[in-house]
Amino acid sequence: MQTYDVIVIGAGPVGENVADRAQAGGLSVVVVESELVGGECSYWACMPSKAILRPGAARSAAQRVAGAAEAVTGELDVEAVLKRRDSFVHDWDDSSQVEWLDGIGVDFLRGHGRITGPRRVSVTAPDGAVTELEANQAVVVSTGSAAVLPDIPGLADVEPWTSREATGASTIPRRLAVLGGGVVGSEMATAYLSFGTEVTLISRTSLLGRMESFVSDAVVASLREGGATVMLGRSLAHAERNEAGEVVLTLDDDSVVVADEVLVAIGRRPRTEDLGLETVGLKPGSWLEVDETLRVQSGGHPLLDGGWLYATGDVNHRALLTHQGKYQARAAGDVIVARAKSDTVHSGEWGMHAATADHKAVTQVTFTDPEVASVGITAAEAEEAGLNHRVLDYDLASVAGSSLHADGYAGHVRAIVDEDRQVIVGMTLVGQDVGEMLQSATIAIVGEVPMERLWHAVPAYPTISEFWLRLLETYGRPQA
């Protein structure tokens, strides 16, 4: 039995951050990982997906500026794109990140970690060797999530792609069908369209359906303009591979889509099915409900007494985004240290040990063309919550900086204002390069900056950020 103050199961960005903060606070830490240190984000999601999206975005940006457009006339060098992608994932070699853990004084065990009882974890190495661990303070589950494969007749038999195969492909199919209109589906449709692939995107709902409605309209229009077939309000009924090796998809309206590969991107499930949750009174395969300090809720089960179990990142289902998981990890690492040292725990709203932003200021950038950036709530969510609110809309193309940024710039911004407090509680932007403008809105929301004070935050001219002034001018006008 090896004893540590903190045992972290899962060495993605979230687990790494928990370990870093706990170790920096003076606790002994071991991290357990069965795959690659750096996790989904580093090797199969955030980094490789953005690496294959960026060349197409850069080409499109140049083509929207007269003078530059004439210099950019060729197709993407897909081989070069994939080689650049490989550099970002280090050819799926995690040695540098293993060295980083060692450098900060965190021990590492490669193998499958399984909870065996209160504060106990058993680790089975690839060679079958078993190491037993015990935690003085906390066990932290940071195992993330995996793609959902729906139980549709024939789908499993065609060996569909998930996000891992889409971001890690070594050869590009001539035809790709994408099942699902969320972030993964929309981004991968954008990336493969830039490669010259014939893309068919099939979604039961509008694209990026939880966002403002104008987002779907803009992304669908762009994909179709680029040559993609976008089929909304359709579902897959049956899948098979024919004798030619093609994937044949029969939809619920009896229409048929034929492709070389199909990417399934319809949701995520928690990676908790073989974690030993049943040994401490929890259900295997379930999301782990946590409090504001990321402690797993016990439901009164005595095996969880003492609050020793934490869950950070996707696995707690609060906000399935790497940056939000890392934010949770910082709070969890710090609060574990505080509790170990009997220091004051600041768990109230916006306290240093509370993940308040998970409820009020979740940020997200979707790297489609056009980009989509959002923080806080939508107009529909404000309405559903019964919030006394006002919706401010503005056409980003009307800002001088936009016309300089790209010929024919198209975009839109919407802000949601809590009228009782006169502060912004949500903002959504769609347009070229809007992702880099999101942080100003995030700061306004987290800081609860009054609208009258924002008036004094003068945007530089001529930048696209001048939309802030236009929104404030709109807000200052009497409503009809």
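Start with the lining of the largest cavity in this predicted model: by class, it has 7 nonpolar residues, no polar ones and no charged ones. To see them, select Leu392, Ala415, Ile424, Met451, Trp468, Leu471 and Leu472. The space they line has a volume of about 30 Å³, and the structure holds 1 cavity of 30 Å³ or more. Colour helix H15, residues 467–476, while you're here: with 3 residues, H15 gives the largest share of this cavity's lining.

Stay on H15 and show some side chains. The rings of Phe467 and Trp468 form a stacked aromatic pair, with 5.7 Å from centre to centre and 25° between the planes. Are these two residues buried or exposed? Both Phe467 and Trp468 are buried. Now click on Arg470, also in H15. Arg470 has a relative accessibility of 24%, so it counts as partly exposed; the cut-off for buried is under 20%, and for exposed over 50%.

Next, a long jump. Draw a distance from the C-alpha of Arg470 to the C-alpha of Val184: you should get 33 Å, for two residues that are 286 apart in sequence.

That brings you to helix H7, so select residues 183–194. From first C-alpha to last, H7 reaches 17 Å over its 12 residues, close to the 16 Å expected at 1.5 Å a residue. How many of the 12 residues of H7 are buried? The count is 10, so the helix is mostly covered. The buried stretch includes Gly185, Glu187, Met188, Thr190 and Tyr192. Step past the end of the helix to Gly196, where phi is positive, near 100°.

Keep Tyr192 on screen and add Trp161 and Phe195: ring pairs link these three into a cluster. Across the structure, the count of aromatic pairs comes to 4. For another ring contact, of a charged kind, go to Trp44 and Arg164. Here Arg164 lies over the face of Trp44, at 3.6 Å from the ring centre.

Now for the second largest pocket, with a volume of about 1000 Å³. Which residues lie nearest its centre? Select Ser60, Arg64, Ser222, Asp369 and Pro370, out of a lining of 39 residues. Then colour the elements around them: helix H3 (46–63), H7, H8 and strand S21 (423–431) each supply at least two lining residues. H3 gives the largest share, 10 residues. Colour the lining by class and you'll find a mix of 15 nonpolar, 14 polar and 10 charged residues.

Last stop: H8, residues 213–225. Its 13 residues should span 18 Å at 1.5 Å a residue, and the end C-alpha atoms sit 19 Å apart, which agrees. Show the side chains of Phe214, Val215, Ser216, Val219, Val220 and Leu223, which are buried in H8. Finish just after the helix at Gly227, which takes a positive phi of about 110°.

Technical notes. Residues numbered from 1 in each chain as written. Predicted model: local features only at pLDDT ≥ 70, side-chain atom pairs only at ≥ 80, totals over all residues. Heavy atoms only, no water. Helix = DSSP H or I, 4+ residues; strand = E, 2+ residues; numbered from the N terminus. Expected span 1.5 Å × (residues − 1). Buried < 20%, exposed > 50% of the residue type's maximum accessible area, 1.4 Å probe, protein only. 1 Å grid on protein atoms, 1.4 Å probe; cavity = no way out; pocket = protein on both sides within 12 Å on 5 of 7 lines; lining within 4 Å. Points joined across faces, edges and corners; volume = space filled by probe spheres on them. Nonpolar A, V, L, I, M, F, W, Y, C, P; charged D, E, K, R; others polar. Phe/Tyr/Trp six-rings, centres within 6.5 Å; stacked < 30°, edge-to-face > 60°. Lys NZ or Arg CZ within 6 Å of the ring centre and 35° of its normal.
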